[in-house]
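Hi,

Here is the structure I said I'd send over. Have a look at it first, and then read on for what turned up.

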Amino acid sequence: MIPTVMDEKKNNIRSDLACTILGKCRYSNPVKGVVDQGPRLMTRLAHAIILNPSLGCPAILSLSDSLTMYLLINDELVQNSHYSKKSPEDPCLLRNRLNLQLRYLPWDNLEPTQKSQAIHQARCFVQPSPAAYQQLVVNEPQAVDPKKPLVLLDEQGQAVARIAAQLAAHYHAQGFKHWLRVTWLKPALPVGLYHVIWFSLKSDEENHLLSVDRNMYEPQDELMLLGLKPYAFKHAHAFQIAESGVGLVTDTNQPIQSYHPLYISEKAYLNLGHLTDIHLSSRQHALQKNKVQIMPGVSPEESPFINELIHNTYDSIKDLFDQIGQHAEIDCLVLTGDFVDYAFNLQSKYTTITPQTPDELWEKLELSRQWMHDKLMSTHELGVDQLTFYSFILYFYQRYKKPIFIVGGNHDGYRYPFGISPRIRSLMNSQYSENNQDQAWFEKTRANAGIPLDHNLTFFEALLIFGPGYRDLITANNFNPDFQLLLWHLFNPLNDWKMTYKNQCFVGLGWGDEEHIPIVADQVLGAGVLPRASGALSHWQWQLLKELPDTQYCILMMHAPILNFSADIPLYQEKQPTQVIRTDRYTMEDSSPYDQGSFRYYKKQFFQEILAKQKVTHTLSGHSHRSALYCCPSIEKCSSVEDKTKTLLICKYQAYPLEEVQEPHKKIGKLTRLIVTGSAGPISNVNHDQALSGVGAAPPTGTLVFFSASGDKIQPIESKVKTAKPRLAALLDYYDIEYSKQGFYLPHAQPLNTFDAYHFECDPGLPQPVPLFSEATLYCYEKDKWKAYPIVLRKVLSQKKPCYTMRLENDFYDLILKNQKEIKEFILSFTFNHSLKSISFYKHYDITTPWQLPIQLIRESSSNQYMLSRPKLSKERPNFEFYKKIFNQKKQSKRHVVNT
């Protein structure tokens with residue numbers, strides 16, 4: 001505890017704290033009442049920023065370790081360092097000041113709204129005395145160049161962390177122009193989670209010592225919010241973490257402020273829980289309140305409410321955080337990037353209000369360029385999802401008392417929607433002007449089909465729930481490294497870092513300052529092509545990697561994967577793909593289909609000096625939304641065919657489904673385990689054996705890694721949230737739109753009459769020992785009513801491909817001819833066969849919801865025949881004028897289906 005401040009008039013004795021606050025001494029002896037006069041330096045002017053430990057890079061120690069921290073300090077503290085010791089028994093003023101203002105307290109004692117009182121109760125690392133100060137080692141303050149990244153060095157002069165130039169410049173402008181390394185030799189704290197604090201005084205009246213507890217504060221809290229202001233960050237408090245993502249409600253008991261966790265453990269090895277690609281989005285909270293159906297007014301069994309089907313990434317993250325937090329053997333949580341989908345998202349107030357009609361929500365979700373300077377600015381804001389992520393981090397610390405490691409991804413540098421909101425795929429959209437209504441151009445492209453699958457929705461459902469504003473990409477050049485400052489201010493000032501705990505080394509590398517999206521014919525490539533970290537590995541990141549300590553386990557954490565098979569390549573367990581890695585040049589065209597989304601520079605050095613020599617034992621990455629365990633059993637050199645003086649690498653790769661490899665050390669020996677974890681928020685991707693042409697889905701997932709003296713163990717976990725179970729309807733819809741050339745289940749055009757059966761095919765790669773569908777119904781919206789026409793389905797066994805026939809009722813043809821002008825919409829609905837539950841392939845798919853497709857009735861002029869067709873491209877868009885009208889009808893809830 002801080003010594004009690006006593007009135008000088010009563011006992012003429014001042015404690016070490018009081019003397020230093022008054023600034024009248026370098027050191028005082030409270031027992032003898034002797035005061036050694038020195039320079040007048042006031043505590044309220046001595047400020048520091050704690051760079052490490054931080055919320056996303058805590059200090060982790062064993063019981064016998066020393067504690068090293070890195071600070072940014074102002075001129076007042078630099079001046080303190082200029083007063084050298086008179087003798088070994090007389091400590092310098094800087095160490096006296098550090099021990100006074102740099103304190104700790106158990107995490108349980110930290111009340112967020114009572115931080116000033118918590119600071120008052122915080123403890124010194126050593127009791128003030130000349131002998132005790134010998135436990136404190138401080139380096140000479142080093143100047144910070146605001147135009148360059150700040151590289152922090154350990155006692156041996158090796159790089160241990162890097163601060164981005166943008167962040168260093170921000171603090172430099174606020175007067176923090178030097179960095180300092182502070183080490184307490186073996187503080188010997190009990191096992192547990194602690195919080196480190198740097199305190200200063202706000203009061204200008206130095207003599208009001210009895211009220212010092214009301215004037216204590218941490219300067220970093222204010223400077224952090226100051227750094228967020230340029231991004232229009234308007235929040236002062238975190239959000240409440242509810243059991244489900246029903247809305248973002250402010251938590252007035254949790255102000256936004258800096259935290260500096262210190263974790264003490266007695267375990268020989270720390271086990272890790274890994275999550276990545278969270279993609280939080282405030283829009284999903286609003287979407288869950290939008291009660292809309294594909295067929296408004298019918299029963300939920302026939303047309304479910306889309307808001308009850310949509311998967312909110314919030315729910316999976318809450319579930320996976322709890323699974324890892326409650327696991328008794330997991331010690332740390334590792335988070336590797338893409339925590340948010342983009343920075344500019346729907347304001348939190350709109351996530352807690354239920355619109356009267358869905359079209360009102362469409363208006364608020366609008367993101368097209370036409371709205372950029374008026375309604376868009378009034379309904380959206382920067383940083384709302386970063387704040388949600390911040391709230392989750394505090395929730396995990398406060399509830400489970402476990403440390404968290406954080407490194408950023410490419411989406412953490414995105415401003416506008418580029419991910420889980422449906423969008424135009426073509427980058428030609430960047431040339432789309434406000435006045436350009438060239439419908440012919442629009443017909444040639446299509447909104448991205450994979451994004452609705454992230455929501456666990458079919459394409460039509462996703463467009464309907466997002467409304468007319470789904471289509472605009474806004475910008476093709478979306479990545480801006482400056483937006484990563486939101487991440488650095490709130491969580492972790494260190495962009496890259498490494499630390500050691502006993503016989504484990506942990507290394508974290510950020511995404512970098514660039515990304516590259518491969519382009520062919522002005523279009524983004526299809527599935528399996530990911531943005532590459534074109535600014536990594538940077539020179540600074542390589543400095544961290546090439547000077548790794550000699551430990552049993554070295555774990556590298558980064559968003560970009562080392563190896564990552566393209567989505568169309570299955571995960572073989574025996575075959576070994578061989579690929580030449582171009583290390584003599586750095587163009588994106590030289591990338592391999594086996595390292596999709598990987599980094600660009602120092603490729604040759606990394607494979608030769610890190611992987612080949614097993615200096616890194618494990619890598620934890622994400623980015624691909626697809627779980628896999630990779631290794632390189634062979635790395636050989638060869639000469640370039642074009643230039644014999646240049647050296648290339650030939651690598652053989654092996655890949656394993658992560659969920660099937662419980663003990664990988666038995667299969668790949670001492671080779672580096674390259675672990676890529678699927679997405680923890682959106683639905684994950686699966687391609688093990690090319691079933692369904694390699695297209696598959698899996699629940700959001702995480703990975704647990706256990707360490708021991710004898711080896712390691714890898715174990716996947718999955719979200720248990722109901723909406724996180726992939727819907728078979730959404731999966732088939734994704735395949736039909738993204739891969740099928742003629743329509744996966746329904747051909748584009750086939751004559752319709754009362755005699756012939758209507759044929760449609762199924763993908764040959766889909767296991768079908770039993771019929772896939774049990775029922776089918778064609779719905780027509782006629783005269784303000786939905787009419788249902790049952791369909792007789794039969795599976796045709798004689799076909800080479802799985803095939804069905806579909807026969808409508810005999811009077812359907814006549815009814816359509818008579819009423820075709822009054823029919824506004826056709827919806828074809830398939831119900832899945834419940835016998836599929838007994839087949840292993842379908843066990844992790846949700847088959848309870850129907851697959852509903854928009855259908856058009858087309859008259860062919862040459863044959864005068866009518867055909868049913870599933871629209872493709874832009875025609876798949878819902879008729880929003882029709883839906884707006886039907887949503888606004890007063891008696892919508894009383895409508896019913898009329899069976900003919």
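**Where helix 9 meets helix 12**

Let me start with a helix pair in this predicted model. From helix 9, the residues in contact are Tyr 314, Ile 317, Lys 318, Phe 321, Asp 322, Ile 324, Gly 325 and Gln 326. They meet Thr 388, Phe 392, Ile 393, Tyr 395, Phe 396, Arg 399 and Tyr 400 of helix 12. Sorted by class, that contact comes to nine nonpolar, three polar and three charged residues.

As for the geometry, the two axes are 11 Å apart and the packing angle is about 25°. Angles under 35 degrees count as roughly parallel, so helix 9 and helix 12 are roughly parallel to each other. The crossing of helix 9 past helix 12 is right-handed.

**The sheet under those helices**

Which strands does each of these two helices lie across? Helix 9 (residues 313-326) lies across strand 19, strand 20 (332-336), strand 36 and strand 37, while helix 12 (residues 384-400) lies across strand 20 and strand 23. Helix 9 runs at about 145° to strand 37, and helix 12 at about 160° to strand 23.

Those strands belong to an open sheet of five, ordered 23-20-19-36-37, with mixed pairing. Strand 23 (404-407) and strand 37 (712-718) are its edges, each pairing on one side only. From one strand to the next, the twist averages 20°. If you want a spot to zoom in on, try strand 19 (residues 272-275) and strand 36 (residues 701-707), an antiparallel pair held in register by three bridges. There, His 274 sits opposite Thr 703 of strand 36.

**Another five-stranded sheet**

There is also an open sheet in the order 4-18-13-6-7, again five strands with mixed pairing. Why is one side of strand 4 and of strand 7 left without a neighbour in the sheet? Strand 4 (59-62) and strand 7 (123-124) stand at the edges and have a single partner strand each, so nothing in the sheet flanks their other side.

Further in, strand 6 (residues 102-106) and strand 13 (residues 192-198) run antiparallel and are joined by five bridges. One residue to pick out is Arg 103, whose bridge partner in strand 13 is Ile 197. This sheet has a helix across it as well: helix 4 (residues 93-101) lies across strand 6, strand 7 and strand 13, and runs at about 25° to strand 6.

Shout if anything is unclear.

Cheers

Notes:
Residues are numbered from 1 along each chain as its sequence is written. This is a predicted model: local features need pLDDT of at least 70, side-chain atom pairs count only at pLDDT 80 or more; totals for chains, interfaces and linings use all residues. Side-chain values use heavy atoms; hydrogens and water are left out. Two strands pair if DSSP finds at least two bridges between them. Helices (H or I, at least four residues) and strands (E, at least two) are DSSP runs, numbered from the N terminus. Contact means heavy atoms within 4.5 Å. Axes are lines fitted to C-alpha atoms, for helices over the stretch in contact, and angles run from 0 to 180 degrees between N-to-C directions. Angles under 35 degrees count as roughly parallel, over 145 as roughly antiparallel, 65 to 115 as roughly perpendicular and the rest as oblique. A crossing is left-handed if the near helix is turned anticlockwise from the far one by less than a right angle, and right-handed if clockwise. Ala, Val, Leu, Ile, Met, Phe, Trp, Tyr, Cys and Pro count as nonpolar, Asp, Glu, Lys and Arg as charged, and the others, Gly among them, as polar.
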